[in-house]
Amino acid sequence: MVAAVRVHKVGGPEVLTYEEIEVPAPGQGQLRVKQYACGVNFIDVYFRMGMYPSPVGLPFVAGNEGAGEVTAVGPGVTDFKVGDHVGYVTALGCYAAERLVAADRAVKVPDGIGHEEVAGMMLKGMTVEYLVRRTFKVEKGMNVFVHAAAGGIGLILCQWANHLGANVIGTVGSKDKAALAKANGCHHTILYRDEDFAARTKEITGGKMCSVVYDGIGKTTFPASLDCLAPLGMFVSFGSASGQIDAFNINILQQKGSLFATRPTLNTYAAKRADLLDIADHLFAVVKSGAVKIPINQKYPLRDAAKAHRDLESRGTTGSSILIP
């Protein structure tokens with residue numbers, strides 16, 4: 001029996017139940033992993049609330065990101081061996097001391113990167129990789145707009161976009177978060193509670209506006225995010241922290257400058273193993289180079305998963321949050 005956090009019914013943070021579960025021997029194509037750290041992300045909240053349906057029904061072990069050591073390999077596994085250090089993103093099952101992972105969803109962690117760092121960056125960092133390199137290719141001199149610039153994805157995105165030579169503009173909720181975002185590559189910060197972020201973006205860019213808006217907030221920032229874009233710009237909606245964006249008249253994209261809009265997911269971009277490895281390799285390389293650092297600003301014991309969710313949903317966290325089994 002091993003410790004885990006399960007959801008028996010969807011709802012608020014209180015439905016996260018700390019208990020013990022059985023973990024069987026790995027089956028065909030599986031790894032058994034002793035976990036050293038588990039990432040905490042808004043997608044975990046979406047599954048807990050039922051916004052995203054659980055692919056395994058109820059109850060389920062929460063969590064979508066983790067890092068640890070392989071303790072057993074199942075039949076048919078050739079790319080991994082006992083003792084390998086791995087990280088992964090996979091739907092559910094991560095809030096546990098040990099678990100089974102499909103080998104084709106795991107990646108080996110290179111020397112020099114620790115488990116806590118990996119657990120804080122696999123989902124967020126690989127998301128940023130596809131956002132800045134695949135969904136919209138950020139290039140030197142571009143104006144790039146990032147909502148929640150001091151959040152887990154935001155701090156990584158600001159650093160990476162800055163590394164690529166972009167002029168990074170980000171929204172934050174406080175002066176402390178503004179300072180943190182600026183320390184992580186964000187050139188201009190906007191206090192969204194006090195300022196009209198579209199008007200400030202026009203001022204900052206001298207009316208040129210932005211090539212791309214990366215929006216993980218959702219309902220409360222739409223459609224104002226479109227007003228931050230230059231003609232032919234791209235609106236990238238990759239999260240719904242404030243709720244999902246309601247259906248809208250597509251003609252608004254034409255009216256605001258022949259804009260593009262997309263709602264991408266890591267699952268699609270990393271569906272093929274070759275793409276998963278490519279995304280992870282780019283992430284590990286930029287982290288090992290020092291160009292992008294992974295700030296682990298909140299750590300909780302596994303049994304305190306409910307508190308981790310409350311803190312995340314209150315917008316009181318910055319950078320990455322992890323659970324320690």
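# Pockets, helix contacts and unusual backbone sites

In this predicted model, the lining of the largest pocket draws at least two residues from each of α1 (42-49), α3 (122-135), α4 (152-163), β10 (167-172), α8 (266-269) and β16 (320-324). The space in this pocket comes to about 1100 Å³. Its lining consists of 49 residues, and those nearest the centre are Phe42, Tyr46, Ile153, Gly216 and Phe238. By class, the lining of the largest pocket holds 22 nonpolar, 22 polar and five charged residues.

The second largest pocket encloses about 240 Å³ of space. Here 16 residues form the lining, with Ile21, Val61, Leu92, Gly93 and Arg99 nearest the centre. Two strands, β4 (60-61) and β7 (98-102), each give at least two residues to the lining of this second largest pocket. The largest share is that of β7, which supplies three residues. In the lining of the second largest pocket, 11 residues are nonpolar, one is polar and four are charged.

Several of the helices that line the largest pocket also pack against other helices. Helix α3 may be taken as the starting point. The axes of α3 and α4 lie 9 Å apart, and the two helices pack at an angle of about 45°. Because of this angle, α3 counts as oblique to α4. The crossing of α3 past α4 is right-handed. On the α3 side, the contact involves Lys124, Gly125, Thr127, Val128, Glu129, Leu131, Val132 and Arg133, while α4 contributes Gly152, Ile153, Ile156, Leu157 and Trp160. Seven nonpolar, three polar and three charged residues make up this contact of α3 with α4. Ile153 of α4 thus appears in two settings: it takes part in the contact with α3, and it is among the residues nearest the centre of the largest pocket.

Helix α3 also packs against α9 (residues 273-288), at an angle of about 100° and with the axes 9 Å apart. The two helices, α3 and α9, are therefore roughly perpendicular to each other. From α3, the residues Met122, Gly125, Met126, Glu129, Arg133 and Arg134 meet Leu276, Asp278, Ile279, Ala280, His282, Leu283 and Phe284 of α9. This contact of α3 with α9 contains seven nonpolar, two polar and four charged residues. Gly125, Glu129 and Arg133 of α3 are found in the contact with α9 and also in the contact with α4.

A further helix pair joins α1 and α10 (residues 305-313), which pack at an angle of about 110° with their axes 10 Å apart. An angle of this value makes α1 roughly perpendicular to α10. In α1, the residues in contact are Phe42, Asp44, Val45, Arg48 and Met49, and in α10 they are His309, Leu312 and Glu313. Of the residues in the contact of α1 with α10, four are nonpolar, one is polar and three are charged. Phe42 belongs to this contact and is also one of the residues nearest the centre of the largest pocket.

The backbone itself deserves attention at three sites in loops. Most residues other than glycine have a negative phi, and most peptide bonds are trans. Against that background, the peptide bond from leucine 58 to proline 59 is cis, with omega near -5°. Proline 59 is placed in the loop between α1 and β4; α1 supplies at least two residues to the lining of the largest pocket, and β4 does so for the second largest pocket. A cis peptide bond also leads from phenylalanine 222 to proline 223, with omega near 10°. The loop that holds proline 223 runs between β12 (210-215) and β13 (229-237). At the third site, alanine 148, a residue other than glycine, has a positive phi, near 55°. Alanine 148 lies in the loop between β9 (143-146) and α4, the helix that packs obliquely against α3.

Notes: Residues numbered from 1 in each chain as written. Predicted model: local features only at pLDDT ≥ 70, side-chain atom pairs only at ≥ 80, totals over all residues. Heavy atoms only, no water. 1 Å grid on protein atoms, 1.4 Å probe; cavity = no way out; pocket = protein on both sides within 12 Å on 5 of 7 lines; lining within 4 Å. Points joined across faces, edges and corners; volume = space filled by probe spheres on them. Helix = DSSP H or I, 4+ residues; strand = E, 2+ residues; numbered from the N terminus. Nonpolar A, V, L, I, M, F, W, Y, C, P; charged D, E, K, R; others polar. Axes fitted to C-alpha atoms, helices over the stretch in contact; angles between N-to-C directions. Parallel < 35°, antiparallel > 145°, perpendicular 65-115°, else oblique. Left-handed = near helix turned anticlockwise from the far one by under 90°. Contact = heavy atoms within 4.5 Å.
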